[in-house]
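This report concerns a single protein model and the way its helices pack. The sequence and the coordinates are shown first.

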Amino acid sequence: MAILGAESEWSAVASECAGEQSKFWEYHDKLFQSQSGENRGAFAKANLKRFAVELGLDAPKFNACLDADKYLAKVRAETAAAQKLGFTGTPSFTINGQQVVGAQPYEQFERIINVFLKK
């Protein structure tokens, strides 16, 4: 879900482009290590391309994918679907219709699931 503006969308598209080269999770981890605040340039396209090089991706292929916004429609559709469900940030979950927003400890999920299992 990309809800924080252009850099959020670019980083989501870049992740999909990295996924084409079987490096989605490595790229994901690089993004999380490189955060510096919302729309402050950390995820400008030049930086996203540099991350790809640092991770050993095929740079021309990655750059072409990113520059063409190849996955932008997919990212926007997924964002719209999440917002329709009422999600405004990540991580967010739905367990049997109940929203769980934010990083929660295992015990929180266990409690919610157990309530539904007892019904």
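The text below moves from the overall architecture to helix packing and then to individual loop and helix residues.

## Overall architecture

The model is predicted. Its secondary structure amounts to 6 helices and 2 strands, and from the N terminus the order of elements is α-α-α-α-α-β-β-α. The C-alpha trace extends over about 55 × 25 × 25 Å along the principal axes. The protein has 119 residues, of which 32% count as buried. When contacts between residues at least 6 apart in sequence are considered, 54% join residues at least 24 apart.

## Packing of helix H1 against H2 and H4

Helix H1 (residues 6-19) packs against helix H4 (residues 59-67) with the axes coming within 9 Å and crossing at roughly 140°. Angles over 145 degrees count as roughly antiparallel. H1 and H4 are therefore oblique to each other. The crossing of H1 past H4 is right-handed. On the H1 side, Trp10, Val13, Ala14, Cys17 and Ala18 take part, and they meet Phe62, Cys65 and Leu66 of H4. By class, this contact of H1 with H4 consists of 8 nonpolar residues, with no polar and no charged ones.

The axes of H1 and H2 come within 7 Å, and their crossing angle is roughly 150°. H1 and H2 are therefore roughly antiparallel to each other. Ser11, Ala14, Ser15, Ala18 and Gly19 of H1 form the contact with Phe24, Tyr27 and Leu31 of H2. The contact of H1 with H2 divides into 5 nonpolar and 3 polar residues, and no charged residue belongs to it. Ala14 and Ala18 of H1 appear in the contact with H4 and again in the contact with H2.

The two pairings are set side by side in the table.

| Helix pair | Axes come within | Crossing angle |
|---|---|---|
| H1 and H4 | 9 Å | roughly 140° |
| H1 and H2 | 7 Å | roughly 150° |

## The buried side of H4

Which residues of H4 are buried? They are Ala59, Phe62, Cys65 and Leu66. These residues cover an arc of only 130° around the axis, so they lie on the same side of H4. An α-helix has 3.6 residues a turn, so residues three or four places apart point the same way. The cover over the buried residues of H4 includes H1, helix H2 (24-33) and helix H3 (45-54). Phe62, Cys65 and Leu66, named among the buried residues, are also the residues of H4 that meet H1.

## The loop between H1 and H2

Gln21 is located in the loop between H1 and H2. Is Gln21 buried or exposed? Its relative accessibility is 18%, and because buried means under 20%, Gln21 counts as buried. Leaving aside residues up to four places away in sequence, Gln21 touches Leu57, Asp58, Lys61 and Phe62. Phe62 is thus in contact with Gln21 and is one of the H4 residues that meet H1.

Ser22 also has its place in the loop between H1 and H2. With a relative accessible area of 63%, Ser22 is exposed. Phi of Ser22 is near 60°, a positive value in a residue other than glycine. Most residues other than glycine have a negative phi.

## Further positions along the chain

Asp69 lies in the loop between H4 and helix H5 (72-84). Phi of Asp69 is likewise positive, near 50°, in a residue that is not glycine. Asp69 is partly exposed, with a relative accessible area of 27%.

Within helix H5 is Ala82, which counts as buried at 12% relative accessibility. Ala82 and Val100 stand 18 residues apart in sequence and 13 Å apart in space, C-alpha to C-alpha.

Pro91 occupies a place in the loop between H5 and strand S1 (92-95). At 33% relative accessibility, Pro91 counts as partly exposed. Which residues does Pro91 touch, not counting residues up to four places away in sequence? They are Val100, Val101, Gly102 and Ala103. The C-alpha atoms of Pro91 and Cys65 are separated by 26 Å, the two residues being 26 residues apart along the chain.

How values were computed. Residues are numbered from 1 along each chain as its sequence is written. This is a predicted model: local features need pLDDT of at least 70, side-chain atom pairs count only at pLDDT 80 or more; totals for chains, interfaces and linings use all residues. Side-chain values use heavy atoms; hydrogens and water are left out. Axes are lines fitted to C-alpha atoms, for helices over the stretch in contact, and angles run from 0 to 180 degrees between N-to-C directions. Helices (H or I, at least four residues) and strands (E, at least two) are DSSP runs, numbered from the N terminus. Angles under 35 degrees count as roughly parallel, over 145 as roughly antiparallel, 65 to 115 as roughly perpendicular and the rest as oblique. A crossing is left-handed if the near helix is turned anticlockwise from the far one by less than a right angle, and right-handed if clockwise. Contact means heavy atoms within 4.5 Å. Ala, Val, Leu, Ile, Met, Phe, Trp, Tyr, Cys and Pro count as nonpolar, Asp, Glu, Lys and Arg as charged, and the others, Gly among them, as polar. Buried means under 20% relative accessible area, exposed over 50%, partly exposed in between (1.4 Å probe, protein chains only). The arc is that of the directions from the helix axis to the C-beta atoms.
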